[in-house]
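Let us take a walk through a protein model together. Keep the picture open beside you and turn it as you read.

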Amino acid sequence: MRYDLVADLHACANALERELAQLRAQVEQQPLLIARVFSLPEIEKGHENDEVTHIAVTQHLGQKARDMALAHYCRLFMQHQSEKTSTKAAVRLPGAICIEADETAAEQISQQVSTINQLKQRLEQLITVESGLPSEARFEFVHQHLRGLITLNAYRTIPLHNAPDSLRFGWANKNIIKNLTREAVVEQLDRSLKANRAQAPWTREQWAEKVQQEREAILSLPADAKLKIKRPVKVQPIARVWRASEKKQVQLACPSPLLVLCRDKTQVPVLGELLDYDAENVTHRYKPLAQPLHLVIPRLHLWSDKL
């Protein structure tokens, strides 16, 4: 770890807070055309991994929605939220705020958002790369020097858009899928064995035995077996941005309100609603037939097409 890293970390975080406050002041000075955000239930500590089958949505409009959006952008530290709220799960506030901005104001706000997003990327670079620390050691490092920083919030960029024709909202259920070779999986398991660590509730000896069994299970698969990690991602709110001139719709993750710049009232987009999420009533536009797979290593979500 380079000796001046901590100084750079503090300087970056302080600059980020200043620039966010400046953006807040800039947006508050512009006429508000329309705003709609959707608050979701807070995830309490200890419930981060609970299965989610229903999410109740509360809609907020107008100036209240704008103020909630600006507070959301500026939420970087634990001190900015309830003590009961988990810091391991990002607080999400889907929606959009649309403000009137002439050419000069739009340029200033765009530059401000660009500066903020660059600082966010710089902060993530300092913590995840330049610190040289493995992921399990970063939490202690961050909270030693930036007490209470919620990295999930600090890294998340502010989404800025010039007025589209419509903004609709919905939910996305996805899987993370990564294809692996048998050699790559064995190498990963070998690294785990060499680390000589345990995972609760197992002792080191029990954990080593468990990993060895997993290794043998992989080696026993046919040489042409296809391996893939298929891990479900928690349902997340999305925005669908439609531009008629381009005849194009773009779907985006929407953990934060979209900041939309409009020249005047004639450019105000149609804003849709976000309905409650109900896992039992999810409809798929197209769901291809799944290839039969066999779960080989449950803890890694590792599947194989052959046994």
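**Hollows and helix pairs**

Start inside the protein, where the largest cavity is lined by H72, Y73, R75, L76, K120, N153, R156, T157, I158 and S256. Bear in mind as you look that this is a predicted model. The space in this largest cavity comes to about 70 Å³. Sorted by class, its lining has three nonpolar, four polar and three charged residues. How many cavities of 30 Å³ or more does the structure hold? There are two of them, so let us look for the other.

The second largest cavity has a volume of about 40 Å³. Around it you will find S192, L193, N196, R197, R204, W207, A208 and V211. Four of these lining residues are nonpolar, two are polar and two are charged. Helix 6 and helix 7 each provide at least two residues of this lining. Which of the helices gives the most to it? That is helix 7, with four residues.

Now follow those two helices themselves. Two packed helices are described by the angle between their axes and by the distance between the axes. Helix 6 covers residues 182-195 and helix 7 covers residues 204-219; their axes come within 10 Å and cross at roughly 165°. Angles over 145 degrees count as roughly antiparallel, and that makes helix 6 roughly antiparallel to helix 7. The crossing of this pair is left-handed. On the side of helix 6, the contact is made by R182, V185, V186, L189, D190, S192 and L193. On the side of helix 7, W207, A208, V211, Q212, E214, R215, I218 and L219 take part. By class, this contact has nine nonpolar, two polar and four charged residues. Try finding S192 and L193 in your picture: they belong to the contact, and they also line the second largest cavity. On helix 7, W207, A208 and V211 likewise appear in the contact and in the cavity lining.

Next, move to another pair of helices. Helix 1 (residues 5-29) and helix 2 (residues 62-73) have axes that come within 10 Å and cross at roughly 165°. These two helices are therefore roughly antiparallel to each other. What is the handedness of the crossing of helix 1 and helix 2, left-handed or right-handed? It is right-handed, whereas the crossing of helix 6 and helix 7 is left-handed. In the contact, L20, R24, V27 and E28 of helix 1 meet R66, D67, L70, A71 and Y73 of helix 2. The residues here divide into five nonpolar, no polar and four charged. You have already come across Y73, for it is one of the residues lining the largest cavity.

Finally, turn to an open hollow, the second largest pocket, which holds about 390 Å³ of space. It is lined by 16 residues, and the closest to its centre are S135, R138, F139, H143 and T151. Helix 3 (103-130), helix 4 (135-145) and helix 5 (151-155) are the elements that give two or more residues to this lining. The largest share, six residues, comes from helix 4. By class, the lining of this pocket divides into eight nonpolar, five polar and three charged residues.

Note on methods: Residues are numbered from 1 along each chain as its sequence is written. This is a predicted model: local features need pLDDT of at least 70, side-chain atom pairs count only at pLDDT 80 or more; totals for chains, interfaces and linings use all residues. Side-chain values use heavy atoms; hydrogens and water are left out. Axes are lines fitted to C-alpha atoms, for helices over the stretch in contact, and angles run from 0 to 180 degrees between N-to-C directions. Angles under 35 degrees count as roughly parallel, over 145 as roughly antiparallel, 65 to 115 as roughly perpendicular and the rest as oblique. A crossing is left-handed if the near helix is turned anticlockwise from the far one by less than a right angle, and right-handed if clockwise. Contact means heavy atoms within 4.5 Å. Ala, Val, Leu, Ile, Met, Phe, Trp, Tyr, Cys and Pro count as nonpolar, Asp, Glu, Lys and Arg as charged, and the others, Gly among them, as polar. On a 1 Å grid over the protein atoms alone, a cavity is a set of points where a 1.4 Å probe fits but cannot get out, and a pocket is an open set with protein on both sides within 12 Å along at least five of seven lines; lining residues have an atom within 4 Å of a point.
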